[in-house]
Amino acid sequence: MRYCRFERAGEQHFGLVETTAGRLTITRMAEIPPSGGAIPDLSRGPDCRIPVEDVTLVAPVAPSKIVCVGRNYREHASELGHAVPREPLIFLKPPSALLNPGASIVRPRMSSRVDYEGELGVVIGRQCGHILPDEDVRPYILGYTCVNDVTARDLQDKDGQWTRAKGFDSFCPAGPMVTDELDPWAGIEVRTRVNGETCQQGNTRDFIFPLDVVIRHIAEVMTLVPGDLIATGTPKGVGPLRAGDLVEVAIDKIGILVNPVSDG
Ligand code: MG
């Protein structure tokens with residue numbers, strides 16, 4: 001199952017995405033429920049046939065919260081001079097930081113160093129609180145998407161905690177689609193390119209904490225609800241963005257999340 005969220009004639013919808021005659025096509029659609037987060041059952045939506053390139057894609061999630069994992073790849077922890085954490089290190093980004101595919105990441109004036117962090121995003125499909133140690137976490141996962149955990153690196157160092165550095169408007173591009181046709185335990189390749197040049201190339205096989213450990217850990221702290229987004233950590237190779245750059249996060253079967261960069 002692969003779905004997107006899109007805007008057409010001034011209205012937002014969810015759409016089921018399938019390949020028909022070699023083209024990515026939205027084949028069923030549903031109105032966005034007023035409550036926002038939960039994804040409607042697209043198998044019961046009305047039939048349609050809209051080429052994906054004819055719509056404007058928006059972020060495919062409307063989460064109540066965005067939970068991120070810091071330092072979940074050994075080589076990234078060491079590139080920033082940090083020890084490998086002993087348990088998942090989690091922090092929040094506000095939902096107001098979400099950014100649509102194609103929209104501009106805005107470098108705030110109060111920062112002089114804004115970095116990209118390409119990551120695999122996990123979308124929650126079922127409410128979960130405490131998860132038993134031997135319980136499978138997969139039934140709680142709706143699917144996967146690309147996330148860019150944009151970070152004001154200078155403010156992260158200065159503040160000692162990360163709310164400001166990670167929380168600016170536009171600092172959480174997500175999309176372009178969500179799919180459940182991936183297996184992070186088996187390995188998913190995450191690539192980040194800036195102006196066409198590959199800067200990050202990691203694989204979820206190399207997570208310090210696999211996804212079941214991460215989700216169980218988060219759910220011990222806070223109830224996850226449908227539509228919530230988890231950013232699973234970035235591989236090595238983070239670096240700065242400048243106005244005029246074009247940054248891409250690419251994951252097979254999801255697509256390429258493309259965002260230009262501008263100055264605020
Ligand atoms: Mg990150």
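Trainee: What is the area buried between domain 1 and domain 2?

Mentor: This is a predicted model, in which local features need pLDDT of at least 70 and side-chain atom pairs count only at pLDDT 80 or more, while totals for chains, interfaces and linings use all residues. Residues are numbered from 1 along each chain as its sequence is written, and side-chain values use heavy atoms, with hydrogens and water left out. The automatic or database domain assignment gives domain 1 (2–58) and domain 2 (66–263). Buried area is the accessible area (1.4 Å probe) that two parts lose on being put together, summed over both; here carbon and sulfur atoms give 64% of about 920 Å².

Trainee: How many residues of domain 2 are in contact with domain 1?

Mentor: Contact means heavy atoms within 4.5 Å. Domain 1 contributes 11 residues, and domain 2 contributes 13.

Trainee: Which residues are the protein donors of the magnesium ion?

Mentor: Donors are N, O and S atoms within 2.8 Å of the metal (3.2 Å for Na, K and Ca); water is not among the atoms, so the site may look incomplete. The donors follow the spacing E-x1-E-x29-D along the chain. At 2.0 to 2.1 Å from the ion lie Glu117 (OE), Glu119 (OE) and Asp149 (OD).

Trainee: Which are the edge strands of the open sheet S9-S20-S19-S15-S16?

Mentor: Strands are DSSP runs of E, at least two residues, numbered from the N terminus, and two strands pair if DSSP finds at least two bridges between them. The five strands have mixed pairing. Pairing on one side only marks the edge strands, S9 (105–107) and S16 (197–203).

Note on methods. Helix = DSSP H or I, 4+ residues; strand = E, 2+ residues; numbered from the N terminus.
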